[in-house]
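Trainee: I am new to this structure and would like a close look at a single part, the nonpolar interior. Could you take me through it carefully and then connect it to the rest of the chain?

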Amino acid sequence: MLKATNVTKSFGKLKVLKGVSAAVSRGEVVAIIGSSGSGKSTFLRCLNYLEKVDGGSVTIDGESLVSTDAQGKACYAQKEQLRRICLKMGMVFQNYHLFPHMNVLRNITEAQVHVLGRSKTQAAEYGAELLTKVGLSDKAQQYPYQLSGGQCQRVAIARALALDPELLCFDEPTSALDPQITQEVLAVIRQLAGEHRTMIVVTHEMRFALEVADRVIFMEDGVIAEEGTSQEMLGSGRSERIRRFMGE
């Protein structure tokens with residue numbers, strides 16, 4: 001489904017990604033863990049074309065998002081191909097990024113109408129279905145300021161799902177939430193995992209990663225330091241490096 005090879009990214013003189021290679025199979029849930037500053041979120045943003053890579057290649061569902069030429073220059077796909085590829089990916093951000101001037105239902109329908117060309121009626125029907133899915137069917141006419149953080153994040157998940165992405169990405173979706181509300185959001189992600197959706201989740205929730213992820217990637221200092229099944233990485237036989245990261 002997704003393959004990234006030797007991805008590099010710097011911000012000025014700071015090298016954030018130092019040659020990251022990873023692959024995600026269709027229907028797989030991959031958790032990315034690591035301390036702050038290890039490059040997790042930057043890698044996810046590069047996969048979603050929210051940041052441009054300096055080098056390396058990314059292919060999604062067999063189509064090239066970016067490759068590197070003989071001179072070492074990153075070359076992105078043409079505009080129409082970029083648009084097609086990006087539509088295959090959905091993104092849920094740490095801080096929701098809902099439109100504050102739109103009610104919940106319109107937050108979910110707007111892109112369906114303007115990006116996918118659905119009628120307002122079709123978009124509203126699907127939006128209502130998705131709100132039921134995330135347990136917010138009674139919040140359609142409310143505005144983000146009237147919701148809790150967990151409810152806002154569940155709306156953000158519904159909004160991402162509304163474009164029918166083939167790969168769903170979460171960038172630390174619970175880091176801004178208190179523990180009780182965190183469980184509400186994680187329950188929705190568990191439900192999506194149970195539907196065999198292809199997902200990449202950057203998270204600090206180790207128990208969640210152990211229970212839900214098929215595979216775990218541990219990033220450290222801009223590289224993938226370890227990867228394996230969730231049980232190998234976070235189970236009783238986890239490495240000394242992972243134990244240190246978990247504060248044991």
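Mentor: A nonpolar core here is a set of buried Ala, Val, Leu, Ile, Met, Phe, Trp, Tyr and Cys residues joined through side-chain atoms within 4.5 Å, and buried means under 20% relative accessible area. Please keep in mind throughout that this is a predicted model.

With that in hand, the largest nonpolar core has 46 residues, and the members that touch the most others are Ile108, Leu131, Ile157, Phe170, Ile189, Met199 and Leu234. Phe170 is a good place to begin, and once its neighbours within four places in sequence are set aside, phenylalanine 170 is in contact with Leu44, Val92, Ile157, Ile189, Leu192, Met199, Ile200, Val201 and Val202. Apart from this core there is a second, separate one of 34 residues, which includes Phe43, Leu47, Met89 and Cys169.

A polar residue can be followed from here, since Val92 is also among the contacts of glutamine 153. Glutamine 153 sits in helix H5, which covers residues 149-161, and with a relative accessibility of 0% it counts as buried, because that value is under 20%. Beyond the residues up to four places away in sequence, glutamine 153 touches Val92, Phe93, Gln94, Tyr96, Pro173 and Val185.

Phe93 leads on to leucine 50, which touches Arg45, Met91 and Phe93 when residues up to four places away in sequence are not counted. Leucine 50 belongs to the loop between helix H1 (40-47) and strand E4 (55-60), and its relative accessible area of 36% makes it partly exposed, because that value falls between 20% and 50%. For a sense of distance, the C-alpha atoms of leucine 50 and glutamine 112 are 20 Å apart in space, while the two residues are 62 apart in sequence.

The loop between H1 and E4 also holds tyrosine 49, which is partly exposed at 28% relative accessibility. Its backbone deserves a look as well, for tyrosine 49 has a positive phi of about 65° although it is not a glycine. Most residues other than glycine have a negative phi. Aspartate 221 is another residue other than glycine with a positive phi, in this case near 55°, and aspartate 221 lies in the loop between strand E10 (215-220) and strand E11 (223-229). At 52% relative accessibility, aspartate 221 counts as exposed, because the value is over 50%.

Strand E4, which follows the loop holding leucine 50, contains threonine 59, a residue that is partly exposed at 28% relative accessibility. Threonine 59 and leucine 2 are 57 residues apart in sequence, and yet their C-alpha atoms are 5.8 Å apart in space. Leaving aside neighbours within four places, threonine 59 has contacts with Met1, Leu2, Lys3, Ser64 and Leu65.

Leu65 appears again in the surroundings of cysteine 75, which touches Leu65, Val66, Ser67 and Asp69, not counting residues up to four places away in sequence. Cysteine 75 lies in strand E6, residues 74-76, and it is partly exposed, with a relative accessible area of 29%. The C-alpha atoms of cysteine 75 and valine 16 are separated by 20 Å, the two residues being 59 apart along the chain.

One further loop, between helix H4 (120-133) and H5, is the place of glycine 135, which counts as partly exposed at 46% relative accessibility. Glycine 135 and alanine 162 are 27 residues apart in sequence and 15 Å apart in space, C-alpha to C-alpha.

These local views can now be set within the whole chain, which has nine helices and 11 strands. Of its 248 residues, 49% count as buried, and among contacts with a separation of 6 or more, residues 24 or more positions apart account for 63%. A compact globule with 248 residues would have a radius of gyration near 18 Å, and the 18 Å of the protein chain agrees with this. Along its principal axes, the C-alpha trace spans about 50 × 45 × 30 Å. On the outside, the protein chain exposes about 11,700 Å², of which carbon and sulfur atoms supply 48%, and the mean positions of its 29 positive and 28 negative charges are 5 Å apart.

Conventions:
Residues numbered from 1 in each chain as written. Predicted model: local features only at pLDDT ≥ 70, side-chain atom pairs only at ≥ 80, totals over all residues. Heavy atoms only, no water. Helix = DSSP H or I, 4+ residues; strand = E, 2+ residues; numbered from the N terminus. Rg over C-alpha atoms; globule rule 2.2 N^0.38 Å. Buried < 20%, exposed > 50% of the residue type's maximum accessible area, 1.4 Å probe, protein only. Contact = heavy atoms within 4.5 Å. Areas by Shrake-Rupley, 256 points an atom, 1.4 Å probe, with all protein chains shown as cover. Lys, Arg positive; Asp, Glu negative; His and termini not counted. Charge placed at Lys NZ, Arg CZ, Asp CG, Glu CD.
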